[in-house]
Amino acid sequence: MHFQWFPGHMTKAIRSMREDIKLIDIIIEIRDSRIPLSSENPEIKSLANGKQRILVLNKSDMADESETRKWIEKFENDGIYTVAINAKNKNEIKKVKSLIDKASVEKKARDLKRGIKNRPVRAMIVGIPNVGKSTFINSFAGRASTKTGNKPGVTKGKQWIRLSGAGSTPIELLDTPGILWPKFEDQRVGLNLALTGSIKDELIISTDLALDLIEYLDEMHPGLISENYGFETEKDSVRVLEQLADARGCLSKGGEKDLDRAAFLLLDDFRNSRLGRISLETV
Ligand code: G4P
């Protein structure tokens with residue numbers, strides 16, 4: 001999915017999120033485990049001000065497990081409830097439910113003081129495009145869920161997915177996520193989003209992207225390209241891409257090395273985890 005953000009879109013997204021936030025207790029922010037910083041929206045902190053926040057590092061099946069553990073520790077140390085999941089796996093949603101229970105202890109205590117028992121905890125999903133918001137909502141809703149809506153007290157047009165939580169408290173999740181923009185003015189962020197396939201940025205040429213990946217892998221995972229493609233890599237990243245073109249028979253009609261195709265192959269292997277579980281941002 002390619003999203004072009006303009007100031008008008010951003011104002012509208014903020015406005016609609018502010019409205020939704022009034023209705024909820026907890027914001028569940030989804031990011032990509034491979035790029036926990038680059039997949040953050042720059043406004044989220046101020047938008048969430050005063051609301052309990054849960055951070056879900058999604059696509060953990062594609063990220064380096066030990067790096068993800070370090071990220072969780074870092075965010076938890078910063079005082080943010082954090083969990084890593086693969087949203088495609090329905091079982092992992094339980095982890096988020098437990099965290100919702102944990103994060104809503106204060107709210108429950110406040111309710112109880114006012115004599116309110118078992119009022120559902122209301123939550124909404126937010127995140128930049130492609131982090132897995134819809135996948136999460138689908139897995140969360142499952143079959144057991146019931147949708148509520150257009151009832152007194154429920155804002156017209158809003159649909160809530162109602163589920164029992166990990167503990168006794170029921171959870172109501174807003175069925176449409178808040179879509180926010182990434183920090184696109186930062187070039188490194190743009191590269192990371194393009195490498196993970198989150199944006200198709202026509203401004204970044206795929207050979208440049210592949211060279212960036214080769215350099216990153218050479219620094220962080222030396223030997224990985226050699227092991228995967230069966231040749232001893234040279235030091236220069238352009239040469240490595242040429243070697244890859246040779247190894248994979250990427251030749252143009254005139255018999256020259258087709259670097260665009262070699263770049264595409266490498267990026268496709270990376271994006272589909274065929275090179276293993278790789279995190280692009282480390283703590
Ligand atoms: P969004 O609503 O935030 O825009 O994201 P969406 O759920 O559409 O997910 C974007 C892509 O990421 C989808 O792949 C989805 O299947 C995949 N995805 C979501 N969560 C996870 C996860 O935890 N692990 C992995 N490995 N993939 C995940 P797609 O290629 O666009 O669609 P499809 O081929 O899966 O149908």
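Visitor: Which backbone nitrogen does the side chain of Asn41 reach?

Guide: Happy to start there, keeping in mind that this is a predicted model. Asn41 sits in the loop between strand 1 and helix 2 (44–47). Its side chain comes to 2.9 Å from a backbone nitrogen, and that nitrogen belongs to Ile44.

Visitor: The backbone oxygen of which residue lies 2.8 Å from a polar atom of the side chain of Asn41?

Guide: Leaving aside neighbours within four places in sequence, Asn41 is in contact with Ile128, Leu180 and Trp181. One of these offers its backbone oxygen at 2.8 Å from a polar atom of the Asn41 side chain, and that residue is Trp181.

Visitor: Is Asn41 buried or exposed?

Guide: The cut-off for buried is under 20% relative accessible area. Asn41 has a relative accessible area of 3%, so Asn41 is buried.

Visitor: Which parts of the chain does the salt bridge of Arg53 and Glu29 tie together?

Guide: The two side chains meet at 3.1 Å, N to O. Arg53 lies in strand 2 (residues 52–58) and Glu29 in strand 1 (residues 26–32), so the pair joins parts that are 24 residues apart in sequence. Both residues are buried. The parts you asked for are therefore strand 2 and strand 1.

Visitor: Which residues are linked with Arg53 and Glu29 in a network of salt bridges?

Guide: Another pair helps here: Glu40 forms a salt bridge with Arg31, with the closest N and O atoms 3.2 Å apart. Glu40 and Arg31 are both buried. Besides Arg53 and Glu29, the network takes in Arg31, Glu40 and Lys183.

Visitor: Which residue forms a salt bridge with Arg188?

Guide: The pair links distant parts of the chain, with Arg188 in helix 7 (residues 187–195) and its partner in helix 8 (residues 206–220). Arg188 is partly exposed, at a relative accessible area of 37%, whereas the partner is buried at 15%. With the closest N and O atoms 2.8 Å apart, the partner is Asp212.

Visitor: How many salt bridges does a search of the whole structure find?

Guide: Side chains of opposite charge can pair when their charged atoms come close. Arg188 with Asp212 is one such pair in this model. Across the whole structure, the number of salt bridges found is 20.

Visitor: Which residues touch the most other members of the largest nonpolar core?

Guide: Nonpolar side chains in soluble globular proteins tend to be buried together. The largest core here has 58 residues, and helix 8 gives the largest share, 7 residues. The members that touch the most others are Ile28, Ile100, Phe136 and Leu173.

Visitor: Which residues is Phe136 in contact with, leaving aside its neighbours within four places in sequence?

Guide: Phe136 belongs to the largest nonpolar core. With sequence neighbours within four places set aside, its contacts are Ile30, Ile85, Ala87, Ile93, Val96, Ile125 and Leu173.

Visitor: How far apart are the end C-alpha atoms of helix 8?

Guide: Helix 8 has 15 residues, and at 1.5 Å a residue it should span 21 Å. The model agrees with that expectation, as the end C-alpha atoms are 21 Å apart.

Visitor: What covers the buried residues of helix 8?

Guide: Buried residues in helix 8 include Thr207, Leu209, Asp212, Ile214 and Leu217. Their cover includes helix 7, helix 9 (224–229), helix 10 (237–247) and helix 11 (259–271).

Visitor: Which residues does Ile225 touch, not counting residues up to four places away in sequence?

Guide: Ile225 lies in helix 9. Its relative accessible area is 8%, so Ile225 is buried. Beyond four places in sequence, the residues Ile225 touches are Ile214, Leu217, Gly230, Phe231, Thr233 and Val240.

Visitor: Which residue has a polar side-chain atom 2.7 Å from an oxygen atom of the ligand?

Guide: Of the 15 residues around the ligand, Asp61, Asn130, Lys133, Ser134 and Thr135 come nearest. Asn86 has a polar side-chain atom 2.9 Å from a ligand oxygen, and Ala87 has a polar backbone atom 2.9 Å from one. The side-chain atom at 2.7 Å belongs to Lys133.

Visitor: What percentage of the residues of the chain count as buried?

Guide: The chain has 11 helices and 8 strands. Its C-alpha atoms fill a box of roughly 75 × 40 × 35 Å along the principal axes. Of its 283 residues, the share that count as buried is 48%.

Conventions: Residues numbered from 1 in each chain as written. Predicted model: local features only at pLDDT ≥ 70, side-chain atom pairs only at ≥ 80, totals over all residues. Heavy atoms only, no water. Salt bridge = Lys/Arg side-chain N within 4 Å of Asp/Glu carboxyl O. Helix = DSSP H or I, 4+ residues; strand = E, 2+ residues; numbered from the N terminus. Buried < 20%, exposed > 50% of the residue type's maximum accessible area, 1.4 Å probe, protein only. Core = buried A, V, L, I, M, F, W, Y, C linked by side-chain atoms within 4.5 Å. Contact = heavy atoms within 4.5 Å. Expected span 1.5 Å × (residues − 1). Polar contact = N/O pair within 3.5 Å; in protein donor to acceptor, adjacent residues only side chain to side chain. Near = heavy atom within 4 Å.
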